[in-house]
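Student: Please take one part of this model and go through it closely. I would like the aromatic rings and the strands that carry them, then whatever surrounds them.

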Amino acid sequence: LAVVDTRGLQWEIAVYAVAAWAVIAYVFLPRLYKLMTAVFLPDYFIGRARTSSGLLGDVVNMAWDGPEDNIHSAMQAAGWTLATPITLGSALGIIRSVLTRSPDPDAPISPLFLFGRKQDFAYQKEVGGSANQRHHIRFWRCPPHWPLPGGTEVDWLAGAAFDTGVRLSSFTLQVTHAISGDIDKERDFTISSLKGVDSGLKVTWIEK
């Protein structure tokens, strides 16, 4: 409409279009999805994390045993960087990193929820000197004596994924990172990076 308008209202129409997109993407659709997932998806489902709107997010593909300090020391020794919390400053920093292809090694990682709460912490590794593409992993502490399917008890669950670039979400129309569908490859990358600095790392498969 803004392109073909002959009344000189191009800018006004464009402003209304952007405002309509913002309301749909950041107000209406998130509330709709939150209502739907509250009805159809119980909190004890741990196959995938969820966004604050209730949408299914990254797959949970790793479990960890051990104290938090051990995880931090191993991840940092392997060259991973602890993601900074999301603030106005850190959000502007990652936008600048993506647009200018400049480094932002401790860029924030969006919150995803498991057990009804967001991740306890997250780590990342940039690719190509920009936050546009990066390896990242979120960690959630398991509730005490909370068994996985099959009966195994662990201290932490984690979701390792690879950001391939920035796009509009097909569900909410929000600006977001797209992730690679090969989550097994990203899980294996995380394990191999840690094995490189800790030869005593024990890795086992959890059945079911």
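Tutor: What follows starts with the rings, moves to the strands and the pocket, and ends with some backbone details. Keep in mind that the model is predicted.

Start with the rings. The structure holds six aromatic pairs. One of them joins Phe 121 and Phe 139. Their centres are 4.9 Å apart and their planes meet at 25°, and the pair is stacked. The two residues are 18 apart in the chain, with Phe 121 in strand 7 and Phe 139 in strand 8. Are these two rings buried or exposed? Phe 121 has a relative accessible area of 8%, so it is buried. Phe 139 is at 0%, so it counts as buried as well.

Phe 121 has a second partner, Trp 156. Here the centres are 5.4 Å apart and the planes stand at 65°, so this pair is edge-to-face. The sequence separation is 35 residues, from Phe 121 in strand 7 to Trp 156 in strand 9 (residues 156-168). Both Phe 121 and Trp 156 are buried. Now put the pairs together. Trp 64, Phe 121, Tyr 123, Phe 139 and Trp 156 are linked by ring pairs into a cluster.

Next, the strands. Strand 7 covers residues 121-126, and strand 8 covers residues 134-141. The two run antiparallel and are joined by six bridges. Tyr 123, a member of the ring cluster, has Ile 137 in strand 8 as its bridge partner. Strand 7 also pairs with strand 4 (residues 81-82), again in the antiparallel sense, over two bridges. In that pairing, Thr 81 stands opposite Gln 124.

Trp 64 leads from the cluster to a pocket. The residue belongs to the cluster, and it is also among the lining residues nearest the centre of the second largest pocket. Which other residues lie nearest that centre? They are Met 62, Ala 63, Thr 204 and Ile 206. In total, 32 residues line the pocket. Its volume is about 980 Å³. By class, the lining has 20 nonpolar, six polar and six charged residues. Strand 3 (62-64), helix 2 and helix 4 (183-195) each give at least two residues to the lining. Helix 4 has the largest share, with five.

Helix 2 deserves a look of its own. It spans residues 68-77, and Ile 71, His 72, Ala 74 and Met 75 are buried there. The general rule is useful at this point: an α-helix has 3.6 residues a turn, so residues three or four places apart point the same way. After helix 2 comes Gly 79, with a positive phi near 90°.

Now the backbone away from glycine. Most residues other than glycine have a negative phi. Which residues in this model have a positive phi although they are not glycines? Phe 115 is one of them, with a phi of about 60°. Phe 115 sits in the loop between strand 5 (113-114) and strand 6 (117-118). Its relative accessibility is 19%, and buried means under 20%, so Phe 115 counts as buried. His 145 is another, with a positive phi of about 55°. That residue lies in the loop between strand 8 and strand 9. His 145 has a relative accessible area of 69%, so it is exposed.

Finish with strands 1 and 2. Strand 1 (residues 48-50) and strand 2 (residues 56-59) run antiparallel, with two bridges between them. Arg 48 stands opposite Val 59 in strand 2. The two strands form a hairpin with five residues between them. In the turn, Gly 54 has a positive phi of about 95°. Arg 50 also lies in strand 1. Is this arginine, Arg 50, buried or exposed? Its relative accessible area is 12%, so Arg 50 is buried. Beyond its neighbours within four places in sequence, Arg 50 is in contact with residues including Thr 37, Asp 43, Leu 56, Leu 112 and Phe 113.

Key
Residues numbered from 1 in each chain as written. Predicted model: local features only at pLDDT ≥ 70, side-chain atom pairs only at ≥ 80, totals over all residues. Heavy atoms only, no water. Buried < 20%, exposed > 50% of the residue type's maximum accessible area, 1.4 Å probe, protein only. Helix = DSSP H or I, 4+ residues; strand = E, 2+ residues; numbered from the N terminus. 1 Å grid on protein atoms, 1.4 Å probe; cavity = no way out; pocket = protein on both sides within 12 Å on 5 of 7 lines; lining within 4 Å. Points joined across faces, edges and corners; volume = space filled by probe spheres on them. Nonpolar A, V, L, I, M, F, W, Y, C, P; charged D, E, K, R; others polar. Pairing = 2+ DSSP bridges. Phe/Tyr/Trp six-rings, centres within 6.5 Å; stacked < 30°, edge-to-face > 60°. Contact = heavy atoms within 4.5 Å.
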